[in-house]
Amino acid sequence: MQLNRRKFLATSAAVLGCPKASLAAPLVLRAAPVTAQILPEGDGTTQMLGFNGATPGPELRYRQGDTLDVRFENAIDQGSALHWHGIRIDNAMDGVPGLTQPMVGPGTGFDYHFTLPDAGTYWYHSHNRSWEQVARGLYGPLIIEEQHPPKVDHDITVIIDDWRIERTGEMIEDFGNRHDFSHAGRLGTYAKVIPSVSTVRRGDRVRLRLINVATARVFPLEISGIEGKVVALDGMPLAAVQAMGPLMLAPAQRMDIIADVSDTVAFVFPTPQEPYEMGQIAVIGYNPEPSTSDITPLPKARVNQPAATPDRSITLALQGGAMGGQHGGDDIWSLNGVSGMTDAPWQRFALGETVRLTLDNQTAFPHGIHLHGHHFHEVHTDGSLGPLRDTTFLQRREVRDILCVFGNPGKWLLHCHMLDHQASGMKTWIEVG
Ligand code: C2O
Ligand code: CU
């Protein structure tokens with residue numbers, strides 16, 4: 001299902017004959033239990049949580065510069081809140097209970113209202129007990145179109161997820177167990193892709209917006225049947241388009257690909273045993289006028305340029321976990337020896353400060369580190385600036401610098417997006433301005 005807010009507004013304004021602005025009735029996203037067909041049609045169903053009757057929740061689609069106006073209603077039996085992952089957002093709208101807003105209790109709601117500064121592929125998800133609520137299905141895509149999007153025949157969102165379910169479809173309800181927390185997190189037993197379009201034509205030019213919404217699984221991915229380029233990561237356009245090669249998405253990461261269809265589009269998760277096919281987009285017919293233009297970079301994002309020399313350099317050590325040895329934290333994982341949230345922020349940054357953060361993964365597990373409210377550059381090992389991201393992936397024992405301009409005032413989380421790790425210590429917060 002796709003909700004086009006702009007079309008909706010335009011129609012109702014016409015009917016009522018009054019200006020759009022005075023009609024800003026919010027879109028409602030209602031979190032509630034749903035029955036979902038995770039396994040193939042005909043197999044068993046799964047009791048999940050969803051928005052407006054479905055998981056994934058509805059695709060929200062806007063244009064860059066639009067205002068998002070969403071009424072969140074909580075009809076589940078736990079507190080919750082909505083986080084708009086990757087959006088350079090007004091801090092009060094960031095959706096982190098206890099840090100940026102009060103918890104949204106069962107039977108209550110919260111209004112989210114903010115402008116969308118960047119075009120790109122984003123997503124929304126629960127930010128309370130997320131290791132359980134996201135695993136149960138409380139997430140959906142948030143797509144922000146460029147003012148002048150590249151011309152394609154299909155703009156396709158592809159959700160990638162795994163679920164820990166029985167062969168009957170029944171949810172395995174061992175959420176938050178200590179083994180998952182201290183190891184790789186809650187890995188599913190079944191994985192698939194959910195494309196927003198089920199058929200294309202041979203010769204069509206497509207834009208694929210891949211979103212890994214899994215709470216723990218890193219997906220290596222091979223896509224057959226298309227030829228094209230990677231044009232954006234984590235919503236942010238790449239300065240130069242990149243070859244498709246072997247792809248990898250850590251939890252919460254996104255990737256935009258623009259490509260031409262030559263055959264059935266198949267999404268394959270390579271494994272040492274045999275490839276695991278996660279889904280397809282079928283090819284029916286052919287496009288009589290296939291696009292022949294080059295695939296070129298998307299319009300540049302208007303982000304702050306980092307200072308040539310960072311104002312500060314700070315190291316953040318990722319520590320703990322199974323086989324991780326001694327660390328100073330009082331929970332399973334820690335950052336610089338501290339587990340979880342503290343009363344005072346880990347760091348305060350002046351507005352506009354450029355900071356080099358050295359992420360030093362001292363643990364025996366991979367992590368995907370996410371900073372709220374900002375994008376940062378990954379720094380290549382030769383010191384050159386890499387792509388802008390909001391979530392950076394570190395293999396076990398890997399060290400990576402990121403360079404961030406702290407251009408957005410407020411209180412922002414910095415945490416592992418393996419959500420079991422976040423729940424058991426691998427999170428902190430910073431304050432800007
Ligand atoms: Cu996508 Cu703090 O999360
Ligand atoms: Cu982690």
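Which protein donors hold the copper ion (ligand 2)? Let's start there. They are His367 through ND1, Cys416 through SG and His421 through ND1, lying 2.0 to 2.1 Å from the ion. Donors here are N, O and S atoms within 2.8 Å of the metal (3.2 Å for Na, K and Ca), and water is not among the atoms, so sites may look incomplete.

Quick housekeeping: this is a predicted model, where local features need pLDDT of at least 70, side-chain atom pairs count only at pLDDT 80 or more, and totals for chains, interfaces and linings use all residues. Residues are numbered from 1 along each chain as its sequence is written, chains are lettered from A and ligands numbered from 1 in the order written, and side-chain values use heavy atoms, leaving out hydrogens and water.

Back to copper. Along the chain, the donors follow the spacing H-x48-C-x4-H. Histidine 367 sits in strand S23 (residues 367-371) and histidine 421 in helix H4 (residues 419-423), so the pair ties together parts 54 residues apart in sequence. Helices (H or I, at least four residues) and strands (E, at least two) are DSSP runs, numbered from the N terminus.

Histidine 367 counts as buried, at 0% relative accessibility. Histidine 421 counts as buried at 0% too. Buried means under 20% relative accessible area, exposed over 50%, partly exposed in between, with a 1.4 Å probe and protein chains only.

Now, tyrosine 112. Leaving aside neighbours within four places in sequence, tyrosine 112 is in contact (heavy atoms within 4.5 Å) with residues including Leu68, Phe72, Trp84 and Met93.
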